[in-house]
Amino acid sequence: MLLKNHPSAILIEMGYTQTEFVTMFLALFIILVVGVILRFTLRNAPLEKRQKPLSILGATILVLEIMKQSYHLFIGDWGTWFIPLHFCSFFLVWYGIALFSRGKVRQLMYFCSISGGALVTLLLFLAPRMILHGASENIWDTFDHFHTFFFHMGVVAYWIWMLMLNVYHPERHHIYQTITIYTAFYFLIIAGAFAFHTNYTNVLTSDIGIMENLRLTAGQFTYDILLLAIGIGSIALVSTTTYLVMSKLYQRYLQKQALRVKEN
């Protein structure tokens, strides 16, 4: 989502190469191992301390984005494609606000991060080239590959570590708030795509063959309405599922904490 340097990129190729498979699942393994270590190290720590790894990771991702923007300005090839109006650009907002806020606002940003992060992770491991293109094949050959790979793996790590650290407190109204926020961003992306004539999040053309055929046959307006409906429907489904799962996990966590207090 952040890698393509030009909106006229060719249609994506599905599947993994051997190198991509090893790289992707090794990265996931490392994320899970670090998450387990954090969980056991901080399981009895107060909330503020348990949130520190997420704050560090969120700050790192923001710094990486600043580095990317500065790099392309410095080498003179910065263009409208680098304006953060891609789906994955949303996470810069969630992490930034979570980093500098507290209480209810931070909790809402956590939920936005979990819902969007789970969706990105699903797409990332089902069709890595849809998001990373060649970045997982050659991480170190260009700055863009380095940034793209570590940015997206940071998105994966953020929501997984959030679950392991038990820092999110589920509230039902987060579902509706998250759907509203994402929908507002979707409209912003569509407006930006047409204003800057740049293919943010496949608004103007699609990398997916079946969707591009639909756009060519049914027309641009129908295509974008369907794209919007898919986006809203996906985040609504993921948000609802996330809330239901997180509610049960959090209740189990609270019961364990209460039992631990009684034993002490």
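**Core, surface and salt bridges of a predicted helical model**

At 47% relative accessibility, valine 22 counts as partly exposed. The model described here is a predicted one, and this residue makes a convenient place to enter it. Valine 22 belongs to helix H1, which covers residues 18-42. It is also one of the members of a nonpolar surface patch, made up of Phe21, Val22, Phe25, Leu26, Phe29, Ile30, Val33 and Ile37. Together, these side chains present about 740 Å² of accessible area.

From the surface, the description can turn inward. The largest nonpolar core contains 65 residues, and the members that touch the most others are Phe87, Trp94 and Trp161. At least two residues of this core come from each of H1, helix H3 (52-75), helix H4 (90-100), helix H5 (103-126), helix H7 (143-165), helix H8 (173-196) and helix H10 (220-263). Helix H7 gives the largest share, with 13 residues. H1 thus appears in two settings, since it supplies residues to the core and also holds valine 22 of the surface patch.

Helix H4 offers a good view of how the core is put together. Its buried residues are Phe90, Phe91, Leu92, Trp94, Tyr95, Gly96 and Ala98. The cover over these buried positions includes H3, H5, H7 and H8. For tryptophan 94, the contacts beyond four places in sequence are with Met109, Cys112, Ser113, Ile181, Tyr182 and Phe185. Tryptophan 94 is thereby both a buried residue of H4 and one of the three core members that touch the most others.

Cysteine 112, one of the contacts of tryptophan 94, leads to the matter of disulfides. A search of the whole structure turned up 0 of them. For cysteine 88, the closest cysteine sulfur is that of cysteine 112, and the two cannot be bonded because 15 Å separates them. Seen from the other side, cysteine 112 likewise takes part in no disulfide, its nearest cysteine sulfur being that of cysteine 88 at 15 Å. Cysteine 88 has a relative accessible area of 0% and is therefore buried. Cysteine 112 is buried as well, with a relative accessibility of 0%.

Charged side chains come next, with 3 salt bridges in the structure. Arginine 129 and glutamate 20 form one of them, at 3.1 Å from N to O. This pair joins distant parts of the chain, as arginine 129 sits in helix H6 (residues 128-131) and glutamate 20 in helix H1, 109 residues apart. Arginine 129 counts as buried at 14% relative accessibility, and glutamate 20 is buried too, at 2%.

Another salt bridge brings together glutamate 65 and lysine 68, with an N to O distance of 3.4 Å. Both residues are in helix H3, and because they are 3 residues apart, about one helical turn separates them. Glutamate 65 has a relative accessibility of 8% and so counts as buried; lysine 68, at 3%, is also buried.

A further bridge, between glutamate 212 and arginine 215, has an N to O distance of 2.7 Å. These partners lie in helix H9 (residues 209-218), where a spacing of 3 residues puts them about one helical turn apart. Glutamate 212 and arginine 215 are both buried.

The loops between helices add some detail of their own. Threonine 205 is placed in the loop between H8 and H9. With 26% relative accessibility, threonine 205 counts as partly exposed. Its C-alpha lies 9.1 Å from that of leucine 216, a residue 11 places away in sequence.

Two other loop residues stand out for their backbone angles. Most residues other than glycine have a negative phi. Histidine 133, however, has a positive phi, near 55 degrees, and is not a glycine. Histidine 133 is found in the loop between H6 and H7, and at 19% relative accessibility it counts as buried, since the cut-off for that class is under 20%. Asparagine 166 also shows a positive phi, of about 55 degrees, without being a glycine. The loop between H7 and H8 holds asparagine 166, which is buried with a relative accessible area of 13%.

Technical notes
Residues numbered from 1 in each chain as written. Predicted model: local features only at pLDDT ≥ 70, side-chain atom pairs only at ≥ 80, totals over all residues. Heavy atoms only, no water. Patch = residues over 30% accessible without salt bridge, like charges linked within 9 Å, V, L, I, M, F, W, Y side chains within 5 Å. Areas by Shrake-Rupley, 256 points an atom, 1.4 Å probe, with all protein chains shown as cover. Salt bridge = Lys/Arg side-chain N within 4 Å of Asp/Glu carboxyl O. Helix = DSSP H or I, 4+ residues; strand = E, 2+ residues; numbered from the N terminus. Buried < 20%, exposed > 50% of the residue type's maximum accessible area, 1.4 Å probe, protein only. Core = buried A, V, L, I, M, F, W, Y, C linked by side-chain atoms within 4.5 Å. Contact = heavy atoms within 4.5 Å. Disulfide = S-S within 2.5 Å.
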